[in-house]
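Thanks for coming. I have one model to go through, and I will start with a sheet and finish with the two chains.

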2 protein chains.
Amino acid sequence: MPTSPVWGSRLKTRGLVLDLIRAARTISRIELAASSGLTPPTISEVVRDLMADGLIVEAGRGVSTGGKPRRLLQLNPTARYSVGVQLERNACVIVVVDLAGRQVARTSFRGTAQMPPQQALPFLATQVKALLDEAAVDHERVLGVGLVSHGPQDRPAGVLLTPQPTDEWRDYPVAPRLAEILALPVLLDNDAAAAAIGEYWLGTVDPRSTYGCIYMATGIGGGVVVAGEMYRGSSSNSVEIGHISIDVHGDECPCGNRGCLENYAGPAAVVRQALATSGLAEQLMLDPADTDFLTGFARIAAAANTGNTQARHLIEQSARYLGCAAVTITSLFDLDAIVLAGPSFAVAGSIYQTLIQQEVTRRTFARRAHPVRVVPSASGSDAAAIGGAVLVLHSELTVGRAPTEAAHAL
Amino acid sequence: MPTSPVWGSRLKTRGLVLDLIRAARTISRIELAASSGLTPPTISEVVRDLMADGLIVEAGRGVSTGGKPRRLLQLNPTARYSVGVQLERNACVIVVVDLAGRQVARTSFRGTAQMPPQQALPFLATQVKALLDEAAVDHERVLGVGLVSHGPQDRPAGVLLTPQPTDEWRDYPVAPRLAEILALPVLLDNDAAAAAIGEYWLGTVDPRSTYGCIYMATGIGGGVVVAGEMYRGSSSNSVEIGHISIDVHGDECPCGNRGCLENYAGPAAVVRQALATSGLAEQLMLDPADTDFLTGFARIAAAANTGNTQARHLIEQSARYLGCAAVTITSLFDLDAIVLAGPSFAVAGSIYQTLIQQEVTRRTFARRAHPVRVVPSASGSDAAAIGGAVLVLHSELTVGRAPTEAAHAL
């Protein structure tokens, strides 16, 4: 990426105009000048450049307000695409989205827990290529890949900092390696943070609001977005909500902390509690040897939804533990809203939403200052993968605000 | 405040240049241009304006690097002053600082817990006036007052949103009323957040870092600063660390949450634990009827420092509970450092620092990404009041970055 101040400023203006067009869907040059604070000549110049690059097109004329009807601009959705890859131990998802953030292709397959990275990354690359071919997307039009996974990460280096799922993954250059195989830029980011910024693009929440996202797949993560900008902290290892303590006297977690939320509320914990509940394991055909907790958890959630009292008790208990952590992030980040995203909210989402909302409404410290809404994700189970793809677009469209210093180009 | 884009932009440039001069202590025009990215003619114009207003002065010449030696600029510390007022139930502190953030006068007195606001605010105003007179500070040079107190607050309205210490305080317009009596602008802000930004000014931490501040007086609060900007969230009611749960099964707190940190680690909790410890209350002459927990707590902390085993156990327990919450804010905000500020860290600060550092180093989720340092405040017991005064300067010097929309002028 060019980094000189001159280019930085031009790219920033370009990104701002593109983001305004995206958010408005259709907009005139005059409205763009008014919304951006830029002069009409600057808008004309930027619009000319964006049209020359094929990123935007004219979309007919607006309603006349007396004078000449204004020509409206909109994104050219098929001008560019991006790919989101969710790397998870139990389930992987790949999506292709267009420039407007709309999903044009999707695939999912068993997770990479059993594969070392040397084997998993070529496999992922094959899947990405096949999906792009299947959707007939020209590789030339693909901006890049958003690879999203658990933390902690060294995001600029494109490296995972934990021995999860196996020792071989720790410190392995996952993003540079995938970039090399695919011949595309690859951005590594946190899955939950990606899901959070994805919701901004998909319009789940007021774009000016401060909101958090609780992302639950096998693990529990989070992200916070302030007026469209992701809260990153020192090293983009923020909002690790699954590993905050909800019980100072609790058991030690492999992460090093005590009483971690994930061990009370996460899918593995709920499956473990179900296995210890007399009769429930047999009834739901839970296999104590199965390490794919997502399947077992989905069965418990489905039973809770259809009135199984024991299953419902376990899901409600998980929801209350999550509610405790939701109150913590609300009181710390002063949130307007919390979005529940990821596959583990897919089945019993309404139980979670109701109980987490109750806890937040009742227990948040500054609840007198403003309400806090708990809402479901717009992208459901695929929130992280869609978020990964959106991150690539976001980084392109708002370049200058959030430079893509971390893109692993060839 | 002028709010037009043209004025906004000029004020922003002016604020940026002032902040660079402040941080550098002495700096040449050429260095200012290099650090700010502004052109030399713009720097010359802004510097001329600031000198005309008496805010900066020339401070001799720098070392020649071959050509003509460069004239150095520095703040004129006596050009402006600001006042910090810490409103606390058990102890109030007022400080006057100069434009460089240096304290020029201080007073403290018993807190306002026993007074309704109708009586307390005129009393505070009298104390402020007396302190300014005593320090021979010209009222014309006083930028304003930073009034800091506990949350939750309606900061723009200058109102406290809780019935603390008594019902009469809730929804009372504390900032507008004090502004009216003093005929000075008054900014209301959170005491812990003020303490946090004060540490930025006083140079406790790297100005580019992401750091948190744990502020402990009678209650426990917090603030997070990212590269010199306070994290505010939706309504400036963020980082309420005293009322996050460290025990999901804990007792209900008057705030509505369960297992709040403050009820385990705060001065009142430690005094309560000491009163329940056989022999300790008598030994330390703790009065069960005394509601000024700061005095009792200071006695316990002093005994812990001088080797009283029972007292040391209580302080260490409080430190471990705080360590648990410190790990939570570190894993959520991805902090580089935590500053311990406020009167309740004054006596046994080194015990707290050591144990909180141990917990953070051992239990923070992303500890492999970067170290997290726990450090004492540069302003000790007066951190909140100094922070309040600094907030007024910060708001003036960085106007445009953080507009003072909340200043309650006449």
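In which sense do strand β4 and strand β7 of chain A pair? This is a predicted model, in which local features need pLDDT of at least 70 and side-chain atom pairs count only at pLDDT 80 or more, while totals for chains, interfaces and linings use all residues. Residues are numbered from 1 along each chain as its sequence is written, and chains are lettered from A and ligands numbered from 1 in the order in which they are written.

To the strands, then. β4 (residues 81–86) and β7 (residues 142–149) of chain A pair in the parallel sense over 5 bridges. Pairing takes at least two DSSP bridges between two strands; strands are DSSP runs of E, at least two residues, and helices runs of H or I, at least four, numbered from the N terminus. A:G84 stands opposite A:G146 in β7(A).

In chain A, the open sheet has 5 strands in the order β6-β5-β4-β7-β10, with mixed pairing. Its edge strands are β6 (103–110) and β10 (186–190), each pairing on one side only.

Now the two chains. Chain A superposes on chain B by a rotation of 180 degrees with 0.1 Å of shift along the axis, RMSD 0.1 Å; the fit is least squares on C-alpha atoms of residues with pLDDT of at least 70 in both. That is the relation of a two-fold axis. A:D247 comes closest to this axis among the residues of chain A, its C-alpha at 2.2 Å.

On confidence, pLDDT is the predictor's value for each residue, from 0 to 100. Chain A has a mean of 90, with 93% of its residues at 70 or more. The model scores ipTM 0.91 and pTM 0.92.
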